[in-house]
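Trainee: Could you take one helix in this model and go through how it packs against other helices? I would like a close look at that single part.

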Amino acid sequence: MSGRTWGGTTLADRKAVRRQQLLIAALELVGEAGMAGVSVRAVCRTAKLTERYFYESFADREELLVAVFDQVSAEAAVALFEAADIGGGTEAVAKAAVAAFVELIVDDPARRIVLLAAPLSEPALARRQTELLPRFISVVQGQAPGSMSAQEREMGALAVLGALQSLFLAYVDGRLTVGRDALVSYCVRMLISAYRVGSRMGITD
């Protein structure tokens, strides 16, 4: 049945398009009114689709939010992996990674809410964040000095990611009153310092 075409597209293609419309609508609503603004009815209205098509792709609001979180997380991961591939040493990679994350996430109200703030209030997103954390840990671990043990790299990555999340949240909600350049510069120095300290700790596997 999914192979039948209408207007040059298959049923599966049309379903995929409608699903993406719903994801775009949900992200738009997050940017306008936060997570509280995302309801099944509001998403359908914004996407100009009936609820029938919502339930064609998602079981409920929670499943939609997890899908939005997955999409934003994937975008962030791509940006970080691309930054890690530029080469030029730890400092150059750290600068590129922080700048890419700030541009993609911190500068975009909807994406920063989904990735940074929503997991604090939405249990399903908190669970999903935990599941996807290894993806981001691997990026940070990959830049650690070879002299660091596996334990040191993992602990350092977790510590850095937790600190960065706190810094970015404080920055975007106004508790941290510094300029963007100062934020990026500090985050880069923190990343480099974490590697230097970790490489001297001498923890064994």
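Mentor: Angles between helix axes of 65 to 115 degrees count as roughly perpendicular. Keep that range in hand for what follows. The model is predicted, and the part to look at is helix 6, residues 109–117.

Start with its contact with helix 1, which covers residues 11–33. The two axes come within 8 Å and cross at roughly 95°. Helix 1 and helix 6 are therefore roughly perpendicular to each other. On the side of helix 1, the residues that meet helix 6 are Leu27, Val30 and Gly31. Helix 6 contributes Ala110, Arg111, Ile113 and Val114. By class, this contact between helix 1 and helix 6 holds five nonpolar residues, one polar and one charged.

Now turn to helix 8, residues 150–172. Here the axes of helix 6 and helix 8 lie 11 Å apart, and the packing angle is about 140°. That angle makes helix 6 oblique to helix 8. The crossing of helix 6 with helix 8 is left-handed. From helix 6, the contact uses Arg112, Leu115, Leu116 and Ala117. From helix 8 come Gln165, Phe168, Leu169 and Val172. The residues of this contact divide into six nonpolar, one polar and one charged.

To put the two together: helix 6 is roughly perpendicular to helix 1, and oblique to helix 8. Ile113 of helix 6 meets helix 1, while Leu116 of helix 6 takes part in the contact with helix 8.

How values were computed: Residues are numbered from 1 along each chain as its sequence is written. This is a predicted model: local features need pLDDT of at least 70, side-chain atom pairs count only at pLDDT 80 or more; totals for chains, interfaces and linings use all residues. Side-chain values use heavy atoms; hydrogens and water are left out. Axes are lines fitted to C-alpha atoms, for helices over the stretch in contact, and angles run from 0 to 180 degrees between N-to-C directions. Helices (H or I, at least four residues) and strands (E, at least two) are DSSP runs, numbered from the N terminus. Angles under 35 degrees count as roughly parallel, over 145 as roughly antiparallel, 65 to 115 as roughly perpendicular and the rest as oblique. Contact means heavy atoms within 4.5 Å. Ala, Val, Leu, Ile, Met, Phe, Trp, Tyr, Cys and Pro count as nonpolar, Asp, Glu, Lys and Arg as charged, and the others, Gly among them, as polar. A crossing is left-handed if the near helix is turned anticlockwise from the far one by less than a right angle, and right-handed if clockwise.
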